[in-house]
Amino acid sequence: MAKGIKIRFRPALAATLLILGFFVFVPMISAFEYSIRTPLTGGYGWTHYIWAVREEDFFHYILRSMWLAGVTVLITLFVLVPTLTWLHLSNSKVRGLIDGLSLLPLVIPVVAFAVGAQISFPEFVQNTVLELPFLYFVLALPYAFRSLDIGLNSIPLKTITEAARSAGANWLRTITTVIVPVIRGSVMATIALTFALSLGEYTLTVLLHWDTFPTWVTYVAQDNILGAIAISMMSLIIPFLILTVITLFVPERSTQGRK
Amino acid sequence: MSSKSLSLRNISKRFGNVIALDNFNLEVGVGELVALLGPSGCGKTTALRVVAGLEHQDSGTVLVADKNISDVPAHKRNMGMVFQAYSLFPNLTVEENVAFGLQMRKVSKHVRLKKAHELLDLVGLDSQSKRFTHQLSGGQQQRVALARALAFEPEILLLDEPLSALDAQVRVNLREEIRRLQLSLGTTTLFVTHDQEEAMAISDRVGVMNNGVLEQIDTPDVLYNKPASSFVAGFVGTMNRIPAHITDGMVEIFGSKVVALKRGNETGKVHALIRPESISVAAATAQGNAKVLTRSFMGASSNIICQTADGTIVQSLMTSASTGDLLPGSSVQLRVLSSEVLVTNV
């Protein structure tokens, strides 16, 4: 940090942060406070957290949900990065249509997806939990699509793609060695959004009769609400830590000054 | 350097109803630098992109060293390309950018970085190798782009208006540098530009394009002095179009007769095409045949704009030393200095 940088107090900004902070952090802090209460002694302690990590199912379900979220992220990137690259380069009118279609998951009730999946998916698909990542992908589409779209809009895509191709890169290498690193910020945002949405998805999962971490937390809450809150707090912290580690391990490269 | 010859045979390309290339033909010899010059929309960039494989022609053939590469994808053509917009990869350092083409060819890291440093040394940027591209000026970025295009020893170097986005002085320096590198490496080069000075300054031959066809391709000298068409005459350099009469192969201009190079009618009204430096202006002792409108001092030379009695505007380029008494409004005598002039139909 350079010396002499002063942070000016801006009342409007402070008020905005205060309001946002109230709605985001106060419920979380309250939940945390609630989760460390020990009703028997009337004080605070880690009883419910210790109980949670001793629960065999805790790691089973959180790992399962993280695995499904990971697969969803891969599907999202494999499908959306090449598709959006093509849409941007072709300047096709189809882009507007697909942009509109990508918003549909926001307006179609999740129950419709679930019923539709049960009616239309072949039995071998319904018999595997891997049907979930494909449906999670659809649910994450409005956010993932926009995040990548913004990234591709912010770079001179046509020029750097043509430069890469004329320098000898095929399409796969152009995408993996040039486009994805250049829009790294958007890709990381897409990974975070898709991962978080998949990890917390409840309605679709329960309607399709699968057990994941959110459905297990609901089950636990029936008998031990404080334990369920402790588990929820951990489910918030663990993926956050994982995503932070991923971000730290992906080398930071300078992309300032681009178009 | 594995430089090769380039041939475009009967290339046609349309974009919807617009004809970008119309049965276009071009031959570029080994180690030659050919510029394609023309107004916006004449098809010069399309021709370059067809060579690069970034556009596919509707018909015709692209040959490199007599080998048909018409259907070879862009990444397998082994052609280095420099674009108008700085096309460097912002996530890579300067040396990584230059080494990119070699990385794609699976050259070992040690060898490709060594080669990258050689090229950066050639363009005078070796000291900047660890920097990111946004930390460089526009001219430096284009130098890096040039080094990147040459690093993998391309068969053909393609330059798509690489100087257009640069400041005037940087343009002049960089175009000389491009020529120096091209000559020392012997790379066959196709250079697209709309700047005739740029094209004439560094090219072995210049092709003038109009409406998707090559109007004329010649050395800069021939192109300037013996334009093959009225369009070329008007596009390359400044050309006066002076109404005149032609009789028996002689054209009468400013009261004297000059041999007509036949491009128009044998007799009757024509336009004589005369370069400004081929017209002299002298202060008239009696009634002159024109009067001075403006005189622009440009250092060693001055540009004199005159108007004849019939209203024709005539431009003359003379050494400044001989134009001191040519004040605006003064009566002057115009004279054609060349012994022969091009004529075109009215």
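Colleague: In what order do the five strands of chain B close into a barrel?

Modeller: In this predicted model, the barrel has mixed pairing. From one strand to the next, the twist averages 55 degrees. The order of the five strands in chain B is β11-β12-β13-β20-β14.

Colleague: In which sense do strands β11 and β14 of chain B pair?

Modeller: Strand β11 of chain B covers residues 240-247, and strand β14 of chain B covers residues 268-274. Seven bridges join the two strands. Their pairing is antiparallel.

Colleague: Which residue of β14(B) is the bridge partner of P243(B)?

Modeller: Strand β11 of chain B, residues 240-247, pairs with strand β14 of chain B. The partner sought lies in β14(B), and for P243(B) that partner is H271(B).

Colleague: Is G101(B) buried or exposed?

Modeller: G101(B) belongs to helix α2 of chain B, residues 94-104. A residue is buried when 20 or more other C-beta atoms lie within 10 Å of its own. Because G101(B) has 28 C-beta neighbours inside 10 Å, the residue counts as buried.

Colleague: Which residues of chain A does G101(B) touch, leaving aside residues up to four places away in sequence?

Modeller: The contacts of G101(B) include R148(B), A151(B) and F152(B) in chain B. On chain A, G101(B) touches A167(A) and G168(A).

Colleague: What percentage of the residues of chain B count as buried?

Modeller: Chain B comprises eight helices and 20 strands, and its C-alpha atoms fill a box of roughly 80 × 45 × 35 Å along the principal axes. Of its 346 residues, the portion that counts as buried is 47%.

Technical notes: Residues are numbered from 1 along each chain as its sequence is written. Chains are lettered from A and ligands numbered from 1 in the order in which they are written. This is a predicted model: local features need pLDDT of at least 70, side-chain atom pairs count only at pLDDT 80 or more; totals for chains, interfaces and linings use all residues. Helices (H or I, at least four residues) and strands (E, at least two) are DSSP runs, numbered from the N terminus. A residue is buried if 20 or more other C-beta atoms lie within 10 Å of its own, exposed if 12 or fewer, and partly exposed in between; C-beta atoms are placed from the backbone. Two residues are in contact if their C-beta atoms, placed from the backbone, lie within 7 Å. Two strands pair if DSSP finds at least two bridges between them. Axes are lines fitted to C-alpha atoms, for helices over the stretch in contact, and angles run from 0 to 180 degrees between N-to-C directions.
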